[in-house]
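Trainee: Could you take me through one part of this structure closely, beginning with a single side chain and its surroundings and then moving outward to the packing and the pocket?

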Amino acid sequence: MNVVIGQQRLLTILNKYEIATLPKTLLFVGPNGCGKQHIAHYLAAKLGLPIKVLDKDISADDLADYTFSTIKTVYLVNLDEFTEKQQNMLLKFIEEPSDT
């Protein structure tokens, strides 16, 4: 069971979501160690969603596959590891999500 302590306001908002009401994009931003990944894991577990980690090994083909996937997925992005080219690919992925 995922437990989140000290973020009651955020949990109140996240707990209202169901698969049908989940926005196409939720972006958790903050410094290392603030709990972004823990919150993402909590949300994925609550909704039964798969998690994919996007790191320095991501390719344009990988992002294209994710873009056309019909399965809602939680993506954990290790942006600090990305090259500028990978950052631009990710931006396009976020700006032009699939219809799911």
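Mentor: Before we begin, contact here means heavy atoms within 4.5 Å, and the model we are reading is a predicted one. With that cut-off, and leaving aside residues up to four places away in sequence, Q86 touches D55, K56, D57, I58 and E81. Q86 itself sits in helix α4, which covers residues 84–95. Its relative accessible area is 8%, and Q86 therefore counts as buried, since buried means under 20% relative accessible area. The side chain of Q86 also makes a polar contact, reaching the backbone oxygen of K56 at 2.8 Å, and K56 is one of the residues that Q86 touches.

A second polar residue, T73, can be read in a similar way. T73 belongs to the loop between α3 and β2, and with a relative accessibility of 18% T73 is counted as buried. A polar atom of the T73 side chain lies 3.0 Å from the backbone oxygen of I71, while the contacts of T73, again not counting residues up to four places away in sequence, are P50, I51 and K52.

Turning to the nonpolar packing, the largest nonpolar core has 14 residues, of which V4, L14, L22, L43, L47, L49 and V74 touch the most other members. At least two residues of this core come from each of α1 (8–14), α2 (36–47) and β2 (74–77), and α2 gives the most, with six residues. Apart from this core lies another, of eight residues, including L63, F82, M89 and L90. In soluble globular proteins, nonpolar side chains tend to be buried together. To look at one member of the largest core in detail, V4 touches L11, H38, I39 and Y42 when residues up to four places away in sequence are not counted.

Finally, there is the largest pocket, which holds about 1,200 Å³ of space. The pocket is lined by 42 residues, and L26, L27, Y75, L76 and V77 are the closest to its centre. Each of α2, α3 (60–67), β2 and α4 supplies at least two residues of the lining, and α4, the helix in which Q86 has its place, gives the most to that lining, with six residues. By residue type, the lining of the largest pocket divides into 24 nonpolar, 14 polar and four charged residues.

Conventions:
Residues are numbered from 1 along each chain as its sequence is written. This is a predicted model: local features need pLDDT of at least 70, side-chain atom pairs count only at pLDDT 80 or more; totals for chains, interfaces and linings use all residues. Side-chain values use heavy atoms; hydrogens and water are left out. A nonpolar core is a set of buried Ala, Val, Leu, Ile, Met, Phe, Trp, Tyr and Cys residues joined through side-chain atoms within 4.5 Å. Buried means under 20% relative accessible area, exposed over 50%, partly exposed in between (1.4 Å probe, protein chains only). Helices (H or I, at least four residues) and strands (E, at least two) are DSSP runs, numbered from the N terminus. A polar contact is a pair of N or O atoms within 3.5 Å; within protein, one must be able to donate a hydrogen and the other to accept it, and residues adjacent in sequence count only if both atoms are side-chain atoms. On a 1 Å grid over the protein atoms alone, a cavity is a set of points where a 1.4 Å probe fits but cannot get out, and a pocket is an open set with protein on both sides within 12 Å along at least five of seven lines; lining residues have an atom within 4 Å of a point. Grid points are joined across faces, edges and corners, and a volume is the space filled by probe spheres set on the points. Ala, Val, Leu, Ile, Met, Phe, Trp, Tyr, Cys and Pro count as nonpolar, Asp, Glu, Lys and Arg as charged, and the others, Gly among them, as polar.
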